[in-house]
Amino acid sequence: MSDKPNKAKYRENEQIIDNKELNIWEALIPVFVLVAMLAYNVYVFGDDALSGSNQFILLMGGAVAAIVGFFNKVSYKQMIAEVSENVRSTTGALLILLMVGALSGSWLVSGIIPAMIYYGLQILNPTIFLAACVIICAIISIATGSSWTTAATVGIALVGIGEALGISLGMTAGAVLSGAYFGDKLSPLSDTTNLAPAMAGGELFSHIRYMTLTTVPTISITLIVFIILGFTIDTSGVADTDTILNTIEATFNINGWLFLVPAAVIFMIVKKAPPLLALLIGTLLGSVFALIFQPDIITNLGGGNTLDFESSYKGILNAITVDTAIETSNPALNDLFSSGGMAGMLGTIWLIVCAMVFGGIMDGIGALARITKSLLNMVTSDTGLFASTGLSCIVLNGTASDQYLALVVPGKMFSKAYEERGLAPENLSRTLEDTGTVTSVLVPWNTCGAYHSSVLGVAVGEYFIYAIFSWLSPIMTMLFAAFKIKIKRLTTTVKA
């Protein structure tokens, strides 16, 4: 996820706190309590759990962790310091979220997203749509090194096209994320792809080559499943495509010039422009194109009768910052042509901050290090070492709520064990990516899960089963370990 390079660098240099006063059962108390509270909260609130109650539950989990810390001689000052560092490290991600909200608003009123849907409906039919989503997002993500940017640009448009075709939002989002995380995982531009070998003591391109051994079979199976789904999905209830196309054409001025804006954003990111700068320029260009191509829509949003300076200013700022809905003659399209702007991202920002509080306290009291070390102590074989690494990454994605910690903590804790068993660092770095990078999107309160759910407008529970690449990757890497397939060895084994 190369949208957060400063955070990745910070995490790489982070010291892991080890509290010898804390035993494993005490370290697990906050985890068990949090999981129980979240499970009951989701049972009570359902899909509305992310509207605020889950955020409070994460703070309550942090309070439980703090109590455990007090009983184990951890000072309040140390816990707050770790929380502060955790929250500080998300600054870039939070700003990107706000800019993604601004971008989606300006791209909606400019007609960019409607144009993507308009042309996409003519090119992509339900049979090939899901597989095409995987391929398109994989290409964009490899080029940009960012699953976040992929979801925020072509991902939004593909979800809109899928909804217009009558395909399940969960299926489309799962296909988008499968392709996005395939590209993010293999791209040398991705910070997680750089971070994993750095933690394991390996080399970037050797790591990428070694990852293809598990990643290519995983994405191949993913594509086969989506191709099969494409032949089996029922779209009989979909409104006539011609009617939808005519409605879009009547509401927006659709033309090919609109694609200059997303092309410019993708070009900037490929050229390694700072993501915030690329998103800001994309938002401003979208605003200019809105004034040029959609003056009537801007006039209506600004509350004026003619496109004067005041109404255009109000119309653009409203689209960027708050809820915007463009009414059409087709009720099925009204929900599609709406955006929350920057305000629509505040719930996700709230969730991330609360998740970082819990993760920071867990790190501050030494619970994260204790859980990982306990897993390491249970290792009696190479397969057990791989399994312990993968389980640590998945557990940390759920408890620390941060993709980078899910790579850094196990990477630092397990690197010596891999070396002592004569295993090349590529084994560790591949396992970190196969289990840590890709499963982050499956946890609703993880920064990645919260981000993608908010940007795509699809709850994690809806796309979980269809994010095939993300949950199949850990299975694939464990199968390779269990059957000793392509396990790279050091030429000289280091004795313990």
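These legends accompany close-up views of a predicted model.

**Figure 1. The whole chain of the predicted model.**
The chain folds into 25 helices and two strands. Its C-alpha trace spans about 75 × 45 × 40 Å along the principal axes. A compact globule of 496 residues would have a radius of gyration near 23 Å, and the chain agrees with that at 23 Å. Buried residues account for 58% of the 496. Among contacts with a separation of 6 or more, 80% join residues 24 or more positions apart.

**Figure 2. Surface and charge of the chain.**
The exposed area is about 19300 Å². Carbon and sulfur atoms supply 65% of this area. The chain carries 24 positive and 33 negative charges. The mean positions of these two sets lie 18 Å apart.

**Figure 3. Helix α22, residues 425–437.**
This helix has 13 residues. At 1.5 Å a residue they should span 18 Å. The end C-alpha atoms of α22 are 17 Å apart, which agrees. The helix is mostly covered, with 13 of its 13 residues buried. An α-helix has 3.6 residues a turn, so residues three or four places apart point the same way.

**Figure 4. Thr-477 and its contacts.**
Thr-477 sits in helix α25, which covers residues 468–482. Its relative accessibility is 1%. Buried means under 20%, so Thr-477 counts as buried. Beyond residues up to four places away in sequence, Thr-477 touches Thr-214, Arg-430, Thr-431, Asp-434 and Thr-435. One of these partners, Arg-430, falls within α22, residues 425–437.

**Figure 5. Ser-339 in strand β2.**
Strand β2 runs over residues 338–339 and includes Ser-339. Is Ser-339 buried or exposed? Ser-339 is buried, because its relative accessible area is 11% and the cut-off for buried is under 20%. Which residues does Ser-339 touch, leaving aside those up to four places away in sequence? They are Gly-101, Ser-104, Gly-105, Leu-108, Val-322, Asp-323 and Thr-324. Of these, Val-322 is 17 residues from Ser-339 in sequence. The C-alpha atoms of Ser-339 and Val-322 are 7.9 Å apart in space.

**Figure 6. Lys-484 and Lys-486 in the segment after α25.**
Lys-484 lies in the segment after α25. Its phi is near 55 degrees, a positive value in a residue other than glycine. Lys-486 is also placed in the segment after α25. Phi of Lys-486 is near 50 degrees, again positive in a residue other than glycine. Are these two lysines buried or exposed? Lys-484 counts as exposed at 59% relative accessibility. Lys-486 counts as exposed at 55%. The cut-off for exposed is over 50%.

**Figure 7. Helix α18 and the glycine that follows.**
Helix α18 covers residues 346–364, 19 in number. At 1.5 Å a residue, these should span 27 Å. The end C-alpha atoms of α18 are 27 Å apart, which agrees. Of the 19 residues, 15 are buried, so α18 is largely enclosed by the rest of the structure. Gly-366 follows α18. The phi of Gly-366 is positive, near 85 degrees.

Key. Residues are numbered from 1 along each chain as its sequence is written. This is a predicted model: local features need pLDDT of at least 70, side-chain atom pairs count only at pLDDT 80 or more; totals for chains, interfaces and linings use all residues. Side-chain values use heavy atoms; hydrogens and water are left out. Helices (H or I, at least four residues) and strands (E, at least two) are DSSP runs, numbered from the N terminus. The radius of gyration is taken over C-alpha atoms; the globule rule is 2.2 Å times the number of residues to the power 0.38. Buried means under 20% relative accessible area, exposed over 50%, partly exposed in between (1.4 Å probe, protein chains only). Contact means heavy atoms within 4.5 Å. Accessible areas come from the Shrake-Rupley method with a 1.4 Å probe; for residues, only the protein chains shown count as cover. Lys and Arg count as positive and Asp and Glu as negative; His and the chain ends are not counted. The place of a charge is taken as NZ of Lys, CZ of Arg, CG of Asp or CD of Glu. The expected span of a helix is 1.5 Å times one less than its number of residues.
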